[in-house]
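Please explain how this protein chain is arranged in space, moving from single contacts between side chains to the sheet and the core. A formal account in paragraphs, suitable for a first-year student, is requested.

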Amino acid sequence: METTMKLVKVTWKDIVADLHTDEEIFPCESWSVGWVQEDNDEYVRLYTCFYEDGIELADKIVIPKGCIIKIENLVEDGRYFKE
């Protein structure tokens, strides 16, 4: 796949819900890897998957900036990704 988009790992806090319980719950630290489609003051939108069957579809995730802990640039190295 040829792309000029930046490949990143975004670490972010996710919502946790648990109904009818006395247990304390906390946001969960999560991470996503993808190519940055858009990065603005409100959110980061990543392409997480592309399809090569002639259909111009892609899987995406949008992460609000207030949930983001850090963004790390990644480098493509053959078949593997490394920091």
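In this predicted model, Lys65 and Asp39 are joined by a salt bridge whose closest N and O atoms lie 2.7 Å apart. The two partners come from distant parts of the chain: Lys65 belongs to the loop between E4 and E5, while Asp39 belongs to strand E2 (residues 28-39), and 26 residues separate them. Lys65 has a relative accessibility of 31%, so it counts as partly exposed. Asp39 also falls in the partly exposed class, because its relative accessibility is 45%.

Such contacts follow a simple principle: side chains of opposite charge can pair when their charged atoms come close. The count of salt bridges in this model comes to 3. Another of them connects the side chains of Arg45 and Glu38, with 2.7 Å from N to O. Glu38 is partly exposed, its relative accessibility being 29%. A further salt bridge is formed by Glu72 and Lys70, with the closest N and O atoms 3.9 Å apart. Are the partners in this last pair buried or exposed? Glu72 has a relative accessible area of 17% and is therefore buried, since the limit for that class is under 20%. Lys70, by contrast, has a relative accessible area of 42% and is partly exposed.

The wider setting of these residues is a fold built from strands. The protein contains 7 strands and 0 helices, and the elements, read from the N terminus, follow the pattern β-β-β-β-β-β-β. An open sheet is made of 5 strands in the order E4-E3-E2-E1-E5, and their pairing is antiparallel. Strand E4 (58-64) and strand E5 (68-73) occupy the edges; each has a single partner strand, so one side of each lacks a neighbour in the sheet. On average, neighbouring strands of the sheet are turned by 40 degrees against each other, with direction ignored.

What holds the strands of a sheet together? In general, strands of a sheet pair through backbone hydrogen bonds, in either a parallel or an antiparallel manner. The individual pairings can now be followed across this sheet. E3 and E4 are paired in the antiparallel sense over 7 bridges, and Tyr47 stands opposite Lys60 in E4. E2 and E3 are likewise antiparallel and pair over 4 bridges. These two strands form a hairpin, with 3 residues between them. Asp39, already met as a salt-bridge partner of Lys65, has Val44 in E3 as its bridge partner. Strand E1 (residues 7-14) pairs with E5 in the antiparallel sense over 5 bridges, and Val8 stands opposite Asn73 in E5.

Several residues of these strands also take part in the nonpolar interior. The largest nonpolar core consists of 8 residues, namely Val8, Val10, Trp12, Val36, Val44, Leu46, Ile63 and Ile68. Two or more residues of this core are supplied by each of E1 and strand E3 (43-50). Which element gives the most to this core? The answer is E1, with 3 residues. Val10, one of the core residues, shows how such a position can be surrounded. When residues up to four places away in sequence are not counted, Val10 touches Ser30, Trp31, Ser32, Leu46, Ile63, Ile68, Lys70 and Ile71. Lys70 is thus found both in this list and in the salt bridge with Glu72.

A different situation is seen in the loop between E1 and E2, where His20 is placed. His20 has a relative accessible area of 85% and is therefore exposed. The backbone at His20 has a positive phi of about 55 degrees, although this residue is not a glycine.

Some values describe the chain as a whole. Of its 83 residues, 24% count as buried. Among the contacts with a separation of 6 or more, 45% are between residues 24 or more positions apart.

Finally, the confidence of the prediction should be considered. The average pLDDT of the protein is 86, and 86% of the residues score at least 70. Over residues 79-83, however, pLDDT stays under 50, and the model has 10 contacts beyond four places in sequence for this stretch. Where pLDDT is low, the predicted coordinates should not be read in detail.

Terms used: Residues are numbered from 1 along each chain as its sequence is written. This is a predicted model: local features need pLDDT of at least 70, side-chain atom pairs count only at pLDDT 80 or more; totals for chains, interfaces and linings use all residues. Side-chain values use heavy atoms; hydrogens and water are left out. Two strands pair if DSSP finds at least two bridges between them. Axes are lines fitted to C-alpha atoms, for helices over the stretch in contact, and angles run from 0 to 180 degrees between N-to-C directions. A salt bridge is a side-chain nitrogen of Lys or Arg within 4 Å of a carboxyl oxygen of Asp or Glu. Buried means under 20% relative accessible area, exposed over 50%, partly exposed in between (1.4 Å probe, protein chains only). A nonpolar core is a set of buried Ala, Val, Leu, Ile, Met, Phe, Trp, Tyr and Cys residues joined through side-chain atoms within 4.5 Å. Contact means heavy atoms within 4.5 Å. pLDDT is the predictor's confidence in each residue, from 0 to 100.
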